[in-house]
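This report concerns the nonpolar cores and the salt bridges of the structure shown below.

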Amino acid sequence: MKEQDKSLPNEKEMGYLDHFAELRKRLIWTAFFFILFFGLGLYYVNDIRNFFLNDIDITLNLISPEEIIWIILTIAFTVAIAGTLPFLCLQIWLFVKPGLTKQEQRVSLAYIPAVFLLFVAGMSFGYYIFVKLILPFVLSLNDGVFDTMFTVENYFRFIFRVTLPFAIFFELPIIIMFLTSLGILTPRFLSKTRKYGYFILVIIGTMISPPDFILQIVVAIPLIIIYEISIMLSRFVYRKKQEKHQAFMEDNLTEGE
């Protein structure tokens, strides 16, 4: 008996070590793909930079050579994040897959392409907001009084300040669906805290848009719509979860009789 008791901690410790080794392997693969996409971003940096410059009618000025390095690295880093995101999600899914049922595996696997598509959609939407709303508004404030001069770094910093928050917030429906499936969030809780959510989203809209009340509301409206869509999806997931639980309980009662 004593020998068995001594072997149990060792087996448990070996189980933990196996899990850490598995996690380490998946993180290494994720880092490899991050470096790969970072290199891909560096290779296509000129094409991406020209894409951002095609929609503007202003001349950008270069103040220091460090700006060029900052832009190249930022573009490559953004490409690496967008490209690695689905692979990271896949590695997480493979890591937790043994603990999931067949149904949970199938449902959670469908989240992976959605995460990537929503990230890209968020960046695209943020860029549209920047080009069609924010930049014209900022330029209109000048009213021809001063010569307009944008530095390269300020222009691209402004772009990423708008696009990246939208890319992150477009992931909100997937995150809420996942947390609802785990039982951490419920539609009732999301509905009860709706006013606080709106308040936070308006503050975020204020932070990523120029100091104009109308424009801040316009930027905040898509975020509020995303929040409402997240509540609807949470209700759908919660209802499916309740139906599954009820069916399981009825099967057990039938077998008991």
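The largest nonpolar core (buried Ala, Val, Leu, Ile, Met, Phe, Trp, Tyr and Cys residues joined through side-chain atoms within 4.5 Å; buried means under 20% relative accessible area with a 1.4 Å probe, protein chains only) has 33 residues, of which L60, F130, Y155, F156, I159 and F166 touch the most other members. At least two residues of this core come from each of helix 2 (45–54), helix 3 (65–96), helix 5 (111–140), helix 6, helix 9 and helix 10, helices being DSSP runs of H or I with at least four residues, numbered from the N terminus. Helix 6 provides the largest share, 8 residues. Separate from this core is a second one of 13 residues, with L85, Y111, M177 and V237 included.

The model is predicted, and local features need pLDDT of at least 70, side-chain atom pairs count only at pLDDT 80 or more, and totals for chains, interfaces and linings use all residues. Residues are numbered from 1 along each chain as its sequence is written, and side-chain values use heavy atoms, without hydrogens and water.

The whole structure holds 2 salt bridges, each defined by a side-chain nitrogen of Lys or Arg within 4 Å of a carboxyl oxygen of Asp or Glu.

| Salt bridge | Closest N and O atoms |
|---|---|
| R157 and E153 | 2.3 Å |
| R194 and E228 | 2.7 Å |

The second pair links distant parts of the chain, with R194 in helix 9 (residues 194–207) and E228 in helix 10 (residues 213–256), 34 residues apart. By contrast, R157 and E153 lie 4 residues apart in helix 6 (residues 152–169), and are therefore separated by about one helical turn. R157 is partly exposed at 40% relative accessibility, as is E153 at 22%; partly exposed lies between buried and exposed, the latter being over 50%.
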